[in-house]
Amino acid sequence: MSAARPRVPAPAGAARLSPRAPSRPTTVALLLASATAVLAVVALMLGDYPLTVPQVLTALTGTGGFESTIVLEWRLPRVTAAILFGAALAISGALFQTLTRNPLGSPDLIGFATGSYTGVIVVTVVLGTSVVTTTAGALLGGLATAVVVYLLAYRRGVQGFRLIVVGIGVTAMLHALNTWLLLRAQEEVAMGAAIWGTGSLSLTSWADVVPAVAVLLVTAPLVVWASRPLRQLELGDDAAAAHGVRVEPTRLAIIGLGILLTALVTAATGPIAFVALAAPQVARRLGAGAGIPLVPSALTGAFLLLGADLLAQYVPSQPVPVGVVTVVLGGVYLLGVLVREARRA
């Protein structure tokens, strides 16, 4: 029997030079980004004037003639809006779910999205429709709702479960108020506001997308700043305070950031439900992380809203608002969350 060969030790520094496999969250983020890019190309191909992949790629360079007009002026604004607004809603949902430490913590359920819609209805009835008034109404309505919910939920601090319960009650009252406002408004104004309230990307143009890009560029550093205190707040208020976090001012600042992102989407497209609720939880399960990751959540939201918009355009016999599709898909998801939480309890 031959003697076993002695094991030769690895050279010093070999472990540092060996390539490291990407972490699972990084892999998930890359896969989501790739899937969203593929879905975007499909969305640019489909329509009354179908295009091939080479035609789409040529049109994106601006040298495709009539195809460039179709892609750059008609279809690309809608695709870009779906990606950006889906990411904004998902980040807003991730912020609120982290603050409340509850998978049901979402601007949809807490009432902030409904409050933004209420603000838009008020300014539409009083001042008429324009980009400035709609954006201001959505932002002020969301902020006013946040103040009411926060004050009603405050008892020596704000607990996540109490915030959600109070938010659900405020949402119900806002729905009643919205109905009353629409019934009191002029018929053409009420019809326009009701249709807009379903949430749609069909009339999205570059005039809607460019301001959204500007706002998102401004809020991106704020989201990065919020990631560190969010991780501290996940440990509880006492632990966060022990690490030097000013709990209530920080919580209020993060709530305001989430409302800004929600109001941005509501002002441009109307309220689009359940993307903010589902995307962070889907991203957390895909990434197998302990917390709610912001970047995978944003990519998941972009993929979900773009996919829902494709379903809204081509699956029914007639196109429907994307908000209708997200409500259907989100209702199924919410039912699953409630069943899972009941079994866990």
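This briefing describes the fold, salt bridges, largest pocket, surface patch and selected backbone features of one protein model.

The model is predicted. Its secondary structure consists of 15 helices and zero strands. The protein has 345 residues, of which 46% count as buried. Along the principal axes, the C-alpha atoms occupy a box of roughly 95 × 65 × 40 Å.

**Salt bridges**

- Two salt bridges are present in the structure.
- One of them joins the side chains of Asp309 and Arg78, with an N to O distance of 2.9 Å. Because Asp309 belongs to helix α14 (residues 294-314) and Arg78 to helix α4 (residues 66-100), this pair ties together parts that are 231 residues apart in sequence.
- Both Asp309 and Arg78 are buried.
- A salt bridge is also formed between the side chains of Glu248 and Arg251, at 2.7 Å from N to O. These two residues are three residues apart in helix α12 (residues 247-269), so about one helical turn separates Glu248 from Arg251.
- Glu248 has a relative accessible area of 18% and is buried, since the cut-off for a buried residue is under 20%. Arg251 is likewise buried, at 5% relative accessibility.

**Largest pocket**

- The volume of the largest pocket is about 700 Å³.
- Its lining comprises 30 residues, and the closest to the pocket centre are Thr134, Trp196, Ala267, Ala268 and Thr269.
- Two or more lining residues come from each of the elements α6 (112-127), α7 (131-153), α9 (187-196), α10 (206-233) and α12.
- Helix α12 thus appears in two settings: it contributes to the lining of the largest pocket, and it holds both Glu248 and Arg251.
- By class, 17 residues of the lining are nonpolar, 12 are polar and one is charged.

**Nonpolar surface patch**

- Val38, Val42, Leu46 and Tyr314 make a nonpolar patch of about 320 Å² on the surface.
- Val38, one of the patch residues, lies in helix α2 (residues 24-45).
- With a relative accessibility of 56%, Val38 counts as exposed, because the cut-off for that class is over 50%.

**Residues with positive phi**

- Arg101 is a residue other than glycine with a positive phi, near 55°. Arg101 is placed in the loop between α4 and α5 (107-110).
- The relative accessibility of Arg101 is 44%, and the residue counts as partly exposed.
- Phe274, although not a glycine, also has a positive phi, of about 75°. Phe274 sits in the loop between α12 and α13 (275-287).
- Phe274 counts as buried, at 16% relative accessibility, whereas Arg101 counts as partly exposed.

**Val165 and Leu109**

- Val165 is located in helix α8 (residues 160-184).
- The relative accessible area of Val165 is 44%, and this residue is partly exposed, because the class covers values between the buried limit of under 20% and the exposed limit of over 50%.
- Between the C-alpha atoms of Val165 and Leu109 there is a separation of 9.0 Å, while the two residues are 56 residues apart along the chain.

Notes. Residues numbered from 1 in each chain as written. Predicted model: local features only at pLDDT ≥ 70, side-chain atom pairs only at ≥ 80, totals over all residues. Heavy atoms only, no water. Patch = residues over 30% accessible without salt bridge, like charges linked within 9 Å, V, L, I, M, F, W, Y side chains within 5 Å. Areas by Shrake-Rupley, 256 points an atom, 1.4 Å probe, with all protein chains shown as cover. Salt bridge = Lys/Arg side-chain N within 4 Å of Asp/Glu carboxyl O. Helix = DSSP H or I, 4+ residues; strand = E, 2+ residues; numbered from the N terminus. Buried < 20%, exposed > 50% of the residue type's maximum accessible area, 1.4 Å probe, protein only. 1 Å grid on protein atoms, 1.4 Å probe; cavity = no way out; pocket = protein on both sides within 12 Å on 5 of 7 lines; lining within 4 Å. Points joined across faces, edges and corners; volume = space filled by probe spheres on them. Nonpolar A, V, L, I, M, F, W, Y, C, P; charged D, E, K, R; others polar.
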